[in-house]
Each structure stands twice: as structure tokens, then as C-alpha cells.
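Student: I would like a close look at a single part of this model, taken slowly and with its terms spelled out.

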Amino acid sequence: MSKRYFTIGMAGHIDHGKTSLTKALTNVDTDRLKEEKERQISIELGFAPLYEDEELQISVVDVPGHERFIRQMIAGVAGIDLVVLVVAADEGVMPQTREHLDILGFLGIRSGIIAITKVDRVEEEFIELVKDDILGELEGTVFENAPFMMVDSLSKKGIPELKELIIGTLKDQEMRDVKGAFRLPIDQVFTVKGQGTVVRGTVYEGTVEEGQQLIVLPSGLEVRARQLQVHHQPAKKAFAGQRAALNLSGVSKDDLERGEVLVSSEHFIVTSTIDVAIRVVEDLEHLVKQRTPIKCHIGTAEVMGRIVFFDRNELKEENGEILCQLRLEEKIVTKRGDRFIIRRPSPQETIGGGWVIDPRGNKYRFGQQTIEELEKKKAGTPIDRINAALYEAKSLTIEELIKRTALDEASILSNLKDDQFVKISNKEYALKADIEIIEEDIMDRLNDFHQDNPMRPGMNKAELYQTLQKSFSKTLLDFITENGVIKGLYARKDQFISLASFAPHVPKNWEKRTEGMLSELKKDGLKVAYLNEYITHAGIPDSIAFELKRFLEEQGEIVMLDDQYAWHGTHFTEAVNKLREHTGDEFEVAQAKETVELSRKYMIPFLERLDALGYTRRIENKRVWRK
């Protein structure tokens with residue numbers, strides 16, 4: 001897919017002009033709520049389209065700046081690819097700007113731009129002081145080398161240049177993963193009159209299609225994406241990096257809440273105990289003791305829990321990374337590498353943040369041995385990393401494995417020699433265990449199909465792939481089916497796939513009646529009645545009549561002359577052989593009638609069937625036998 005999708009965020013102190021800057025860039029006022037208008041602050045996340053061309057689509061999220069709304073800010077920033085840190089020229093860096101900087105660092109944001117706003121309100125000399133102040137605050141942060149832009153949202157000074165810088169920066173940046181399973185953390189749930197339940201969020205990874213079946217986690221509710229919108233415009237698909245609204249069927253507004261996650265696969269992990277690596281803020285005000293209550297912000301979820309240390313009983317200042325565990329009071333959906341923030345619920349304070357080492361944490365003993373085990377988990381052996389990447393995506397090329405594992409090609413190729421990995425194409429690999437699971441799944445699907453459709457030669461390959469391709473690549477499915485044929489699990493005939501042990505057959509309860517019907521048809525020779533009369537007379541119901549006719553024709557038991565007449569297969573073969581023996585290379589209708597001794601009622605359909613089957617070719621009023 002050539003087009004790429006990104007979401008950028010506006011972050012900074014309250015009243016530093018984030019919403020005004022968003023409006024200047026997009027011509028959209030993201031303050032939607034009455035309360036926001038009255039108080040002139042952003043309470044909920046505001047979204048707007050910034051730019052779109054054939055290669056790029058960029059959205060903006062204006063995150064709230066007031067301390068009370070820090071949780072919305074975290075939810076918004078967690079799904080973005082670039083941050084514009086907004087600092088007002090007439091105020092400079094404020095305490096909350098520093099907190100936002102910490103949060104952005106903990107969430108792993110690596111791309112940023114500094115926008116000094118309201119520059120028309122102050123003298124040039126003061127702007128330089130503000131810039132120096134900002135540079136001092138940015139030292140040692142992810143924004144240390146970020147470019148500066150001087151802008152004013154009212155006069156539009158610097159706005160075109162800022163927009164150009166944003167576009168240029170993202171053109172050189174890799175987008176989120178569209179190949180993996182779809183994941184969208186929900187940040188808004190509401191109803192639309194006449195439409196039903198709608199959820200909004202940023203697509204973290206993967207792709208979602210209109211009509212697709214999805215799962216809400218942790219609850220496990222099954223829903224369908226009835227309609228999609230991207231920036232209030234109907235869309236057939238939404239991709240990683242896009243803001244999307246999904247109209248869901250099969251669920252009410254009361255069944256959903258912010259923090260839950262929409263996914264396309266059951267492979268995502270639901271957990272309440274996570275092994276993590278964290279860093280803490282430099283100016284931590286209060287001591288963090290063993291099992292201190294915390295509020296964990298991960299994706300759009302906000303969950304209470306406790307922090308568990310294995311090498312200390314309290315924490316005040318720490319420059320390095322701390323390996324510990326979060327034990328949460330509610331289930332969350334997460335995976336290795338996901339970022340989070342932890343805050344003290346009372347008194348409110350950001351403690352720190354970090355990333356998930358293992359979403360399936362266990363209970364461990366206090367002591368250095370546990371820290372050493374967590375260190376091993378954190379580093380992850382090359383095989384562990386490859387295994388984790390393939391477990392999530394199901395199949396990946398070498399190039400995709402390099403991106404996901406941060407390993408070089410030589411290391412990946414040497415580790416892929418392990419027998420738990422299978423090469424499924426020239427460059428694509430999968431887990432042996434996953435292949436075996438999918439093989440069994442296909443066998444179950446085929447078995448169910450054969451029971452419901454015993455007279456069909458097998459399941460159409462496209463039909464078999466239709467639902468499977470939402471979770472697995474076509475390359476992987478082709479490998480499994482072809483390999484299954486070689487192994488004797490499946491059989492393939494034209495476009496149909498069946499179990500190797502299966503043979504099409506008439507259902508047992510209709511075998512005798514079918515034999516009777518064929519016997520009557522054979523007895524009448526070439527001068528037959530309509531085929532449906534034989535079927536009705538044999539007591540075969542209309543519900544299986546069409547399938548039965550198709551089966552008998554595929555098996556050569558009957559040959560349809562046209563839509564109404566059929567001959568027994570034996571008589572049809574005899575008639576063809578007789579006509580061939582008593583005619584030369586070509587013949588006319590009269591000669592055929594005399595040879596086979598048939599009236600025109602049967603002769604014309606018979607000759608047209610010979611043409612259709614490739615025995616003869618009609619040239620004007622003659623037929624020529626094909627060699």
C-alpha cells in the first residue's frame with residue numbers, strides 16, 4: 001500500500017494556544033463541548049484533518065493541557081507519531097510543560113517540533129529569552145534537537161512554514177504497522193440517532209474493513225463494523241495511524257467503555273499482571289513504597305493497581321531503568337513493547353512510565369535472581385524476538401522481521417534455521433506451531449463443509465480463504481493448503497479443496513431413491529421425460545434436487561442435454577459412439593436423426609451438447625468432428 005497515515009499531537013500548558021494553533025493549521029475548531037467553549041479550555045480530545053495527498057494523510061489531535069485532564073492527554077498522545085510542543089512566547093515553559101515532556105518521553109515519542117506561539121504579543125528580545133529557557137528545559141529529553149518554529153495563530157505568521165515542516169518530517173518517517181492484526185483502543189463511545197453505537201479511536205496497528213467481524217477486549221463481545229468514517233467521511237477501510245469512527249452492530253453503548261480495545265484477532269493478550277521496565281521523573285515529590293497504589297494509563301485505559309519491586313522496598317530518585325511489576329485491578333489488553341504512564345492517584349503526581357517486557361507476568365520471589373530473569377526477558381534472545389514477532393503477525397518477510405525485532409539480517413537468517421520456524425515462500429517465514437494450528441482449523445472447516453454438502457467435490461478455495469485471510473496472509477494459506485496436499489491431509493481438484501479422505505456421495509437417506517430414479521431414466525433409453533419428473537416420482541425433495549442433478553452430472557451418471565432433458569450416462573456414450581461410427585468427418589442433422597433414430601425434440605439438444613462438450617464444431621448447417 002503506497003499511501004501512509006499519521007496522527008500528530010499538540011501538547012503543552014493550558015492557554016498556550018494549542019487549540020488556536022490546530023484551528024490555524026486545519027481550519028477546524030476542535031473545542032466541541034459547551035463547557036469547553038465557556039471555559040476556553042480543552043476537556044476532551046479534539047481531532048482534525050491536517051493534510052492529504054496521494055501519498056500521505058495527516059490528522060491532528062489537540063490534547064487537553066489542564067492538569068485535571070491529564071488522563072485524556074495521555075490517551076491522545078499514546079496514539080500519535082509526532083508531537084508539536086506548544087509554548088507561549090509571553091509565558092515560556094510552565095510546570096505542566098515539563099510534565100508533558102516527561103510523559104512524551106515515557107511514551108516513546110521520538111519525533112517532535114517546538115512551536116513558540118503568540119509571537120506577535122512580545123518583543124523580539126523576549127522571544128530569544130523564551131527560546132533559551134526552552135532549550136534549557138529540553139536538554140536531555142527527546143526534544144533536545146527538535147526544530148523551533150515561531151508562529152502566531154491570529155495573524156497566521158509562520159503557520160504555512162510549520163505545516164510544511166510537519167509534512168516534510170512525516171514524509172521521511174515510517175508509518176505504523178498495517179500488516180499486523182487490527183487494534184484500536186477506544187477513547188470515545190456514543191450513539192448516533194438512527195445508526196446506533198459508535199466508537200472512536202486511533203488505529204494503533206493493522207487495517208479494518210467495513211463489514212468486518214471484530215472482538216471487544218477484555219469483555220470478549222463480538223461485534224461487526226457496520227460502517228466506517230475517517231474525519232466524518234465514509235470509508236471502506238481504515239489503516240494504522242488513522243483516526244477512525246466505527247458504527248458497530250451487535251452491541252449497545254452501555255456495553256462499551258473508554259479503555260476497551262477493538263481487535264480483529266483473538267491472539268491479543270488480556271492480562272492484569274505485567275512485567276515492566278520503568279523510569280521515574282527527576283523531581284519526584286513523594287516516596288514510592290513497595291505496593292504503592294498507582295493509576296496505570298496504557299493505550300486509552302486507566303486502571304488502578306499496585307507497583308511491586310523485587311530489588312527494593314521504596315523509590316525516591318533513580319536515573320536508570322527499574323525492572324518491576326504492575327498488578328492491576330482490572331484486565332487490560334497489551335503486548336510486549338507497549339508504552340504506559342503510572343501516576344499516583346492521591347496526591348496526584350506523575351511517577352514515571354515505561355514499556356511492557358512481558359504481558360503475562362507471574363508471581364516472583366523478591367531478590368536478585370528475579371531481577372536477573374527479568375533482565376533476560378527484557379533483552380530477549382534473538383529467537384524470542386523472532387518468535388514473538390511471528391506469533392503476532394503469523395507470517396513475515398526478512399525485511400519485516402528486521403523492522404520488528406531490531407536484529408540484523410545475518411542474525412535473523414541464522415536463527416531462522418531453528419526447526420520451530422518454517423519458510424513458506426522465497427522470503428517469508430511462519431511458526432511451525434501456527435501452521436499446525438491453521439492446518440487443523442482448515443480440516444475442521446472442510447469437515448463441517450463436507451457434512452453440510454456431501455455431494456459437492458469440496459470447498460471453493462476462495463470461500464475457504466475468505467474469513468481466514470482476515471488473520472493470515474494468502475502466502476501462508478497457499479503454503480498450508482499445498483503442503484497439506486503433499487502430506488495427504490487435503491485433496492485439490494480445480495478450484496476445490498477437500499479432505500483427502502473425502503469422496504462426494506449422495507446422502508445415505510437418499511441413496512435408494514436416487515438409484516431408483518437412475519434405473520427409471522436408464523430404462524427409458526433416449527426417449528426420456530423431463531428429468532424433474534423422474535426426481536419427483538422417486539420422492540426426492542426439491543431442497544436437494546438441484547445439488548443432486550449437479551452431482552450426478554459431475555459423476556457422469558447423467559448428461560444434461562438442456563435445462564430439462566437428461567440421458568443416462570451409459571446411453572449418452574453409446575449414442576456418441578454410434579453417431580461417430582456411422583458418419584464421416586462431418587455430418588448434417590438429417591443424417592444424425594437417421595443414425596441415432598431420434599426425433600428433432602431430442603436430436604437438436606443432443607447435437608448442441610456435443611458442441612458444448614467439444615466433441616463437434618458447428619459450421620453453418622453441418623457438424624465437424626473434432627480430432
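How many residues line the second largest pocket, and which of them lie nearest its centre?

Tutor: This is a predicted model, in which local features need pLDDT of at least 70 and side-chain atom pairs count only at pLDDT 80 or more, while totals for chains, interfaces and linings use all residues. Residues are numbered from 1 along each chain as its sequence is written, and side-chain values use heavy atoms, without hydrogens or water.

The second largest pocket (an open set of points on a 1 Å grid over the protein atoms alone, where a 1.4 Å probe fits, with protein on both sides within 12 Å along at least five of seven lines) is lined by 36 residues, and Arg 98, Asp 102, Phe 106, Val 281 and Glu 282 lie nearest its centre; a lining residue has an atom within 4 Å of a point. Its volume, the space filled by probe spheres set on the points, is about 1,200 Å³.

Helix H4 (95-106), E17, strand E23 (339-344) and E24 each give two or more residues to this lining (helices, H or I, are DSSP runs of at least four residues, and strands, E, of at least two, numbered from the N terminus), and the largest share, eight residues, comes from H4. By class, the lining has 17 charged residues (Asp, Glu, Lys and Arg), 11 polar and eight nonpolar.

The strands named here belong to a closed barrel of six, running E17-E22-E20-E19-E23-E24 with antiparallel pairing, where a pair needs at least two DSSP bridges. Between E17 (residues 269-280) and E24 (residues 349-358), six bridges join the antiparallel strands, and Val 280 stands opposite Gly 352 in E24.

Key. Ala, Val, Leu, Ile, Met, Phe, Trp, Tyr, Cys and Pro count as nonpolar, Asp, Glu, Lys and Arg as charged, and the others, Gly among them, as polar.
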